[in-house]
Amino acid sequence: MSSSLVARTAAVTIGLSVAALGMSVPASAAPAPTPKPYAGSAEEAAANKAFFEAVMKSVAEKRAANPTSTAAVTVYYNAANAPSFRSQISSSASIWNSSVSNVRLAATSGSADFNYYEGNDSRGSYASTDGHGGGYIFLDYAQNQQYNSTRVTAHETGHVLGLPDHYSGPCSELMSGGGPGTSCTNAYPNSTERSRVNQLWANGFSAALDKALQKSDAR
């Protein structure tokens with residue numbers, strides 16, 4: 001859910017700046033126009049794909065180091081750097097864990113497959129990599145004030161599991177993100193999205209694990 005989807009107007013920017021200074025906005029100020037839906041970009045799609053691949057590689061390499069493990073495929077996340085969104089992150093993890101069967105999300109305070117961060121960013125909330133093979137989700141304050149925060153978090157977490165953005169989709173489609181507008185509060189993936197994630201973490205993970213095992217054997 002890129003910040004471009006928020007398309008803030010000058011009035012919104014001024015309003016946020018004034019609020020940040022602890023000043024009140026005149027009651028007569030005109031309401032800001034509804035943000036325009038974002039259509040996405042090739043750069044954003046590439047970042048989401050790289051993020052998913054980094055997460056799957058991390059999980060596969062951990063499993064390769066302990067090939068006798070019979071535990072379900074688990075993706076560990078660390079939310080220590082996003083304390084303001086602790087509730088939404090926990091809710092999004094629960095939503096995904098109740099929606100799919102081939103992978104589960106689990107919190108950890110230590111080394112994780114990806115991390116959550118929070119703050120202000122003109123790009124809004126997004127999923128990306130740190131340039132060193134690690135994945136992270138950034139949650140933007142302003143965007144989460146305009147859009148349903150649990151939907152934003154669950155949407156970005158969908159990138160962890162391999163789903164791309166599809167902004168032209170309906171509100172019932174989680175990965176449509178901000179496309180349906182700020183009134184959309186649905187935070188659950190639809191049947192197609194659930195099926196796709198299960199497929200990715202069955203066949204896709206098997207391929208990633210095979211590659212990780214080959215790398216481990218070559219050492």
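How many salt bridges does the count come to in this protein? Keep that in mind while you load the model, which is a predicted one. The count comes to one salt bridge, and it will be a stop on this tour.

**The whole chain**

Start with everything shown as a cartoon. You should find six helices and five strands. Walking from the N terminus, the order of the elements is α-α-β-α-β-β-β-β-α-α-α. Now switch on the surface: the protein exposes about 10900 Å², with carbon and sulfur atoms supplying 53% of that. Of the 219 residues, 45% count as buried. If you display contacts between residues at least 6 apart in sequence, 66% of them join residues at least 24 apart.

**The salt bridge**

Select Arg123 and Asp121 and show their side chains. Here is the salt bridge, with N to O at 2.9 Å. The two partners differ in how they are covered: Asp121 is buried because its relative accessible area is 16%, under the 20% cut-off. Arg123, at 46% relative accessibility, counts as partly exposed.

**Helix α3**

Next, select residues 86-99, which make up helix α3. Put a distance label between the C-alpha atoms at its two ends, and you should read 20 Å. That agrees with the 20 Å expected for 14 residues at 1.5 Å a residue.

Which residues of α3 are buried? Colour Gln88, Ile89, Ser92, Ala93, Ile95, Trp96 and Ser99 to see them. Then turn the view to look down the axis: these buried residues fall within an arc of 160 degrees, so they line one face of the helix. A general point helps here: an α-helix has 3.6 residues a turn, so residues three or four places apart point the same way. On the other side of α3, pick out Arg86, Ser87 and Ser98, which are exposed.

Before leaving the helix, click on Asn97, which also belongs to α3. Asn97 is partly exposed, with a relative accessible area of 23%. Beyond residues up to four places away in sequence, Asn97 touches Val103, Arg104 and Leu105.

**The edge of strand β2**

Move on to Ala107, in strand β2 (residues 104-107). Is Ala107 buried or exposed? With a relative accessible area of 55%, Ala107 is exposed. Setting aside neighbours within four places in sequence, Ala107 is in contact with Tyr76 and Tyr77. Try a distance label from Ala107 to Thr74 as well: their C-alpha atoms are 10.0 Å apart, while 33 residues separate them in sequence.

**Aromatic pairs**

Tyr77 leads to the next topic. Show the aromatic rings throughout the model, where a search finds seven aromatic pairs. One of them is Tyr77 with Tyr116: the ring centres are 5.6 Å apart and the planes stand at 85 degrees, so this pair is edge-to-face. The pair links distant parts of the chain, with Tyr77 in strand β1 (residues 74-81) and Tyr116 in strand β3 (residues 114-119), 39 residues apart. Both Tyr77 and Tyr116 are buried.

Now select Phe85 and Tyr141. Their ring centres are 6.2 Å apart and their planes are at 15 degrees, so this pair is stacked. Phe85 sits in the loop between β1 and α3, whereas Tyr141 is in helix α4 (residues 141-146), 56 residues apart. Phe85 is buried at 6% relative accessibility, but Tyr141 is partly exposed at 29%.

One more group of rings deserves a click: Tyr117, Tyr126, Tyr136 and Phe138 form one aromatic cluster.

**Helix α5**

For the last stop, select residues 149-160, helix α5. Its end C-alpha atoms are 17 Å apart, in agreement with the 16 Å that its 12 residues should span at 1.5 Å a residue. How many of its 12 residues are buried? The answer is 11, so to speak a mostly covered helix. Among them are Arg151, His155, Glu156 and His159.

Finish by centring the view on His159, in helix α5. At 1% relative accessibility, His159 counts as buried. Then add Val197 to the selection: the C-alpha atoms of His159 and Val197 are separated by 9.9 Å, although the two lie 38 residues apart along the chain.

Key. Residues are numbered from 1 along each chain as its sequence is written. This is a predicted model: local features need pLDDT of at least 70, side-chain atom pairs count only at pLDDT 80 or more; totals for chains, interfaces and linings use all residues. Side-chain values use heavy atoms; hydrogens and water are left out. Helices (H or I, at least four residues) and strands (E, at least two) are DSSP runs, numbered from the N terminus. The expected span of a helix is 1.5 Å times one less than its number of residues. Buried means under 20% relative accessible area, exposed over 50%, partly exposed in between (1.4 Å probe, protein chains only). The arc is that of the directions from the helix axis to the C-beta atoms. A salt bridge is a side-chain nitrogen of Lys or Arg within 4 Å of a carboxyl oxygen of Asp or Glu. Contact means heavy atoms within 4.5 Å. Accessible areas come from the Shrake-Rupley method with a 1.4 Å probe; for residues, only the protein chains shown count as cover. Rings of Phe, Tyr and Trp (its six-membered ring) pair if their centres lie within 6.5 Å; planes under 30 degrees apart count as stacked, over 60 as edge-to-face and the rest as tilted.
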